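These are my notebook entries on one structure, written down in the order in which I looked things up.

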Amino acid sequence: MHVRRLVPDDAPAYRALMLDAYRDHPDAFTSSAEERAAQPTDWWAWRLAPGDTVAQRVFGAFDGDLLLGASGWSRGDRAKAAHRAELFGMAVVAAARGRGAGQALVEAVVADARAAGALTMTLTVTDGNGTAERLYARCGFVRIGLEPMAVRVGDAFVAKATMWRRLVEDSPDPGAARGGTDGTGR
Ligand SMILES: CC(C)(COP(=O)(O)OP(=O)(O)OC[C@H]1O[C@@H](n2cnc3c(N)ncnc32)[C@H](O)[C@@H]1OP(=O)(O)O)[C@@H](O)C(=O)NCCC(=O)NCCS
């Protein structure tokens, strides 16, 4: 198994992987299979656009040419939040789980965000998704909050935990990061 950054040519395999994940695990993702299936092919290629300055970068775990899993990271374009990266879209095909692909993907995403100068990383995980939360905890993330009713799945609501980690030793701690002055956090 090896991990590399995905490129636009990977878009069909990436699309198939993610649509299966959204369909099979509706509680785990905020995106729905229907919404994402409606995106044009170009959208998936755009998400995998090469370069250092793109809004997001996605990595894939492969067995030979076969895409086993993917995850990415992004950050906004506001200067005051440019140190914050966010991990998104973690999925491994069912047949390949439990062999370390998830951990290899998190490690690749963390290393790339760190190399790009990000100082912290957040992610959200559905409350009760123990496999995913244990994976993130193994990779250094700590739970910093829980948003009730974060996502509506049919008639039900699910809560989402936010997890956080430093990417470098001397980045600010969560207490310092909470010290905003306008109360909106935006
Ligand atoms: C969450 C998810 C990405 C994890 O992917 P994965 O490739 O199975 O992750 P890993 O293999 O690194 O770890 C999974 C388990 O396998 C174990 N494992 C990893 N390598 C192993 C090995 N060589 N031998 C035995 N066990 C191993 C890990 O310890 C872990 O065990 P745990 O669940 O008891 O903590 C995957 O389950 C998934 O796609 N789930 C559905 C979508 C989802 O929930 N996404 C997360 C959204 S936040």
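What percentage of the 186 residues in the protein chain is buried? I looked this up before anything else, and buried residues come to 28% of the 186 residues. I keep in mind throughout that I am reading a predicted model.

Entry on confidence. I checked the pLDDT and found a mean of 91 for the protein chain, with 91% of its residues reaching 70 or more. Over residues 177-186, however, the pLDDT is below 50, and in the model this stretch has two contacts beyond near neighbours in sequence. Where pLDDT is low, the predicted coordinates should not be read in detail, and I leave that stretch aside.

Entry on the overall fold. I listed the secondary structure and obtained six helices and seven strands for the protein chain, which follow the pattern β-α-α-α-β-β-β-α-β-α-β-β-α when read along the sequence. The radius of gyration is 16 Å, close to the 16 Å that the globule rule gives for 186 residues, so the protein chain is as compact as a globular protein of that length. I also noted that the C-alpha trace spans about 45 × 40 × 30 Å along its principal axes. For the contacts, I took those between residues at least 6 apart in sequence, and 61% of them join residues at least 24 apart.

Entry on the ligand. I looked for the residues around the ligand and found 20, the closest being Ala28, Arg97, Gly100, Gly102 and Gln103. The elements that give two or more residues to this shell are strand 4 (84-92), helix 4 (101-115) and helix 5 (130-138), and helix 5 gives the most, with four residues. Sorted by class, the shell has nine nonpolar, eight polar and three charged residues.

Entry on strand 4. Having met strand 4 in the shell around the ligand, I asked how many of its nine residues are buried. The count is seven, and I therefore record strand 4 as mostly covered, a residue being buried if 20 or more other C-beta atoms lie within 10 Å of its own. Strand 4 pairs with strand 3 (residues 66-74) in the antiparallel sense over five bridges, and in that pairing Gly72 stands opposite Phe88 in strand 4. Strand 4 is also joined to strand 5 by three bridges, and these two strands run parallel, with Arg84 standing opposite Thr120 in strand 5.

Entry on strands 5, 6 and 7. I followed strand 5 (residues 120-126) onward and found seven bridges joining it to strand 7, the two running antiparallel; here the bridge partner of Met121 is Arg165 in strand 7. Strand 7 (residues 156-166) pairs with strand 6 as well, in the antiparallel sense and over eight bridges. Arg143 stands opposite Met163 in strand 7, and Arg152 stands opposite Phe157 in strand 7. Strand 6 and strand 7 form a hairpin with two residues between them, and Gly154 in the turn has a positive phi of about 65°.

Entry on Met149. Most residues other than glycine have a negative phi, and with that in mind I noted that phi of Met149 is near 55°, a positive value in a residue other than glycine. Met149 lies in strand 6 (residues 142-153). Is Met149 buried or exposed? Met149 counts as exposed, because it has 10 C-beta neighbours inside 10 Å and the cut-off for an exposed residue is 12 or fewer. The strand around it gives a matching picture, for the number buried among the 12 residues of strand 6 is zero, so strand 6 lies largely in the open.

Entry on Asp20. My last look-up was Asp20, which has its place in helix 1 (residues 11-24). With 14 C-beta neighbours inside 10 Å, Asp20 counts as partly exposed. I also took the separation between the C-alpha atoms of Asp20 and Ala33, which are 13 residues apart along the chain, and it comes to 7.7 Å.

Key:
Residues are numbered from 1 along each chain as its sequence is written. This is a predicted model: local features need pLDDT of at least 70, side-chain atom pairs count only at pLDDT 80 or more; totals for chains, interfaces and linings use all residues. The radius of gyration is taken over C-alpha atoms; the globule rule is 2.2 Å times the number of residues to the power 0.38. Two residues are in contact if their C-beta atoms, placed from the backbone, lie within 7 Å. A residue is near a molecule or strand if its C-beta atom, placed from the backbone, lies within 6 Å of it. Ala, Val, Leu, Ile, Met, Phe, Trp, Tyr, Cys and Pro count as nonpolar, Asp, Glu, Lys and Arg as charged, and the others, Gly among them, as polar. pLDDT is the predictor's confidence in each residue, from 0 to 100. Two strands pair if DSSP finds at least two bridges between them.
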